[in-house]
Amino acid sequence: MICIPITAISNKEALDDIERSCRIADAIELRMDLIADGTLAELITAARCRSNKVAIIVTRREKEEAARADENLAGGGKTKDQKDKKFAVLKQAIELGADYIDIELACGVEAIEELKSHCARRGGSTKIIISYHNFQRTPSLTRLKGIFHQCRELKPAVVKIVTYARRPEDNLPVLNLIPYARKHLQEIIALCMGDQGRISRLMAPSLGNFLGFATLSPGTPSAPGQLTVTETMQINKLINGAEPKQNPPVLSGEGSQLRNYILLGNPVGQSLSPLMHNAALNDLGIAGNYNAFCVSDLAAALQGVRGMNIGGASVTIPFKSAVMEYLDDITDDALNIGAVNTIINSNGRLTGANTDWLGLIIALRQAMRIEGMKFVIVGAGGTARAAAYGIMKEGGFPVIVNRTTENGKLLAVKFNCPFYALEEIGKIEADCLINTTPVGMYPHIDESPVDSAVLAGYKYVMDVIYHPLETKMLQNAGKRGCHLLTGLDMFVHQGAEQIKLWTGREPNRALMKKVVISSLHRELSL
Ligand code: NAP
């Protein structure tokens with residue numbers, strides 16, 4: 001559900017905003033603290049006349065409540081006059097048949113019980129949202145769970161917990177509350193405010209958040225970090241496909257079937273994995289989606305993966321090795337390679353796997369025979385280790401070539417294969433050359449890790465880079481008549497193997513390839 005807060009400063013402007021909002025939103029929130037001369041009866045009548053499907057939430061916030069909420073959850077710092085005004089508005093909202101009233105936990109048990117009784121006396125059609133706002137920071141998950149239970153004990157229809165995110169990982173404990181609440185059969189609105197909290201606004205709907213807030217137009221947020229309703233709809237459409245996805249109501253007990261997947265890395269802004277994985281998950285009809293997380297605290301991020309309903313994660317630069325110490329189990333492939341690019345979450349138990357080697361091998365297998373062939377691997381990093389491992393497993397013979405002798409020799413010793421310095425590459429005779437360095441990757445598209453003349457000796461040349469699709473090295477190899485393999489197939493197959501590990505199902509690899517190619521072409525044409 002998308003809810004538009006009505007925050008206009010006059011009754012007249014609020015009526016205009018209600019008229020527009022009721023055409024597009026599922027709910028509106030009348031902020032009676034901001035609509036200075038607001039007449040609640042007029043506003044509710046206007047909304048009902050426009051649509052009887054749009055839910056009406058009424059609230060009146062006091063700044064002091066939010067400011068003191070963290071230290072003093074009950075009775076936080078209101079004057080009697082403020083309290084009286086607040087209760088008059090909320091009681092009137094009940095009498096006028098608003099769908100929900102939102103009252104802060106900080107108002108205290110007595111006040112909340114009084115409103116609930118008022119509601120019951122009036123026929124009980126208005127439901128109660130009990131909320132906690134922290135405009136300064138995000139408390140720990142333990143603290144947030146404590147606040148959740150304090151709210152829940154008062155038996156509201158919905159618990160609302162909104163905190164301020166100072167760093168990306170602050171989103172994790174707050175998002176964690178959504179599956180937690182659903183397990184307790186409690187509807188919840190859990191979000192982070194602020195620019196760093198935007199990711200929570202994007203992920204929360206697919207985790208089962210009761211509703212999310214969006215502004216009618218840019219520059220009118222009722223809380224920092226809010227997106228516009230148009231942006232929210234566009235993003236939901238991108239994530240969920242053409243049809244907006246409705247979360248099952250919490251009492252159906254189906255919340256646990258929603259599974260989400262994430263990418264952990266830093267940076268992740270340019271990654272095409274979310275696009276590719278979401279296309280595949282959507283095509284399989286799997287409820288849930290895949291989002292990228294820019295991580296600065298890996299331990300906290302993994303705690304989030306364990307606690308939240310995250311089915312699995314992709315791991316990228318710079319965490320492929322560092323992540324291993326936080327996992328419960330590691331597959332033999334990943335242990336031998338010394339890197340994890342995939343995490344599988346089975347009820348909180350995290351297993352690390354590696355699909356990079358398999359993605360590369362599937363791409364190679366489609367073009368050539370691997371057994372008995374000799375492969376020059378340029379580079380000695382994580383991808384080179386995956387390549388060497390996969391080639392040996394398939395009965396091929398790797399040769400390591402690297403810029404830094406020490407790193408190259410270490411890898412060659414590990415796999416008991418020859419090593420050559422980069423300057424000596426012309427001395428080697430082999431069937432296939434594979435670049436596993438980032439040289440030639442966008443935006444450095446005019447660079448190549450090896451001289452063009454060297455390529456003439458190879459029947460097959462592969463680049464693990466897929467942006468651009470055809471690197472400078474591949475262009476040079478093409479001119480010399482080599483058979484070319486781009487990094488795109490490896491990228492698609494390593495991603496498809498991740499989805500198989502997470503869901504047990506075979507994704508549509510052709511579709512995954514198509515969406516990545518379209519995106520790369522779109523980017524090039526911009
Ligand atoms: P990494 O662990 O950092 O290793 C990079 C290697 O490249 C190192 O051996 C480094 O040599 C070498 N290198 C870096 N800059 C160089 C330069 N200017 N000249 C010569 N050698 C240079 O990185 P990685 O994780 O293996 O990733 C490497 C590339 O693979 C990235 O471009 C990544 O995007 C791509 N990749 C693609 C896929 C796919 O699915 N297509 C999957 C994984 C990775 P030194 O030892 O001398 O530092």
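The exercises below, each with a worked solution, concern a predicted model of one protein chain.

**Exercise 1. Describe the protein chain as a whole: how many helices and strands does it have, and what box do its C-alpha atoms fill?**

Begin with the secondary structure, where the protein chain has 19 helices and 21 strands. Next take the extent along the principal axes, which gives a box of roughly 90 × 45 × 35 Å filled by the C-alpha atoms. Finally, turn to burial: of the 526 residues in the protein chain, 55% count as buried.

**Exercise 2. Work out which strand β3 pairs with, and in which sense, and decide whether its faces are covered or open.**

The first step is to locate the strand, since β3 spans residues 55–59, and five of its five residues are buried. The second step is to consider its two sides. In a regular strand the side chains alternate between the two faces of the sheet. In β3, one side carries Ala55, Ile57 and Thr59 and the other carries Ile56 and Val58, and as these are all buried, both faces are covered. The third step is the pairing, in which β3 and strand β2 (residues 27–31) run in the parallel sense over five bridges. One of the contacts to look for is that of arginine 31, whose bridge partner in β3 is threonine 59.

**Exercise 3. Place strand β12 among its neighbours: which strands pair with it, and in what sense?**

Start with burial: six of the six residues of β12 (residues 310–315) are buried, so the strand is largely enclosed by the rest of the structure. Then follow the pairing with strand β10 (residues 260–265), which is parallel and extends over five bridges; here isoleucine 262 has alanine 313 of β12 as its bridge partner. Now follow the pairing with strand β14 (residues 342–346), which is antiparallel and rests on three bridges; here serine 314 has threonine 342 of β14 as its bridge partner.

**Exercise 4. Find how many aromatic pairs there are, and then examine two of them in detail.**

The count comes to six aromatic pairs, taking rings whose centres lie within 6.5 Å. In one of them, phenylalanine 148 and tyrosine 180 meet edge-to-face, with 5.7 Å from centre to centre and 70° between the planes. This pair links distant parts of the chain, with phenylalanine 148 in helix α6 (residues 141–153) and tyrosine 180 in helix α7 (residues 171–183), 32 residues apart. Both phenylalanine 148 and tyrosine 180 are buried.

Another pair, tyrosine 261 with tryptophan 502, is stacked, at 4.9 Å centre to centre and with 20° between the planes. Because tyrosine 261 lies in strand β10 and tryptophan 502 in helix α18 (residues 487–503), the pair ties together parts that are 241 residues apart in sequence. Tyrosine 261 and tryptophan 502 are both buried, and together with Tyr290 they form one aromatic cluster.

**Exercise 5. Characterise the largest pocket: how much space lies in it, and which residues lie nearest its centre?**

As to volume, about 1,300 Å³ of space lies in the largest pocket. As to its lining, 42 residues take part, and Thr316, Ile317, Lys320, Met441 and Tyr466 lie nearest the centre. Sorted by class, the lining has 20 nonpolar, 19 polar and three charged residues. To trace these residues to elements, note that α10 (273–283), β12, α14 (382–393) and α18 each supply at least two of them, and that α18 gives the largest share, five residues.

Definitions and conventions: Residues are numbered from 1 along each chain as its sequence is written. This is a predicted model: local features need pLDDT of at least 70, side-chain atom pairs count only at pLDDT 80 or more; totals for chains, interfaces and linings use all residues. Side-chain values use heavy atoms; hydrogens and water are left out. Buried means under 20% relative accessible area, exposed over 50%, partly exposed in between (1.4 Å probe, protein chains only). Helices (H or I, at least four residues) and strands (E, at least two) are DSSP runs, numbered from the N terminus. Two strands pair if DSSP finds at least two bridges between them. Rings of Phe, Tyr and Trp (its six-membered ring) pair if their centres lie within 6.5 Å; planes under 30 degrees apart count as stacked, over 60 as edge-to-face and the rest as tilted. On a 1 Å grid over the protein atoms alone, a cavity is a set of points where a 1.4 Å probe fits but cannot get out, and a pocket is an open set with protein on both sides within 12 Å along at least five of seven lines; lining residues have an atom within 4 Å of a point. Grid points are joined across faces, edges and corners, and a volume is the space filled by probe spheres set on the points. Ala, Val, Leu, Ile, Met, Phe, Trp, Tyr, Cys and Pro count as nonpolar, Asp, Glu, Lys and Arg as charged, and the others, Gly among them, as polar.
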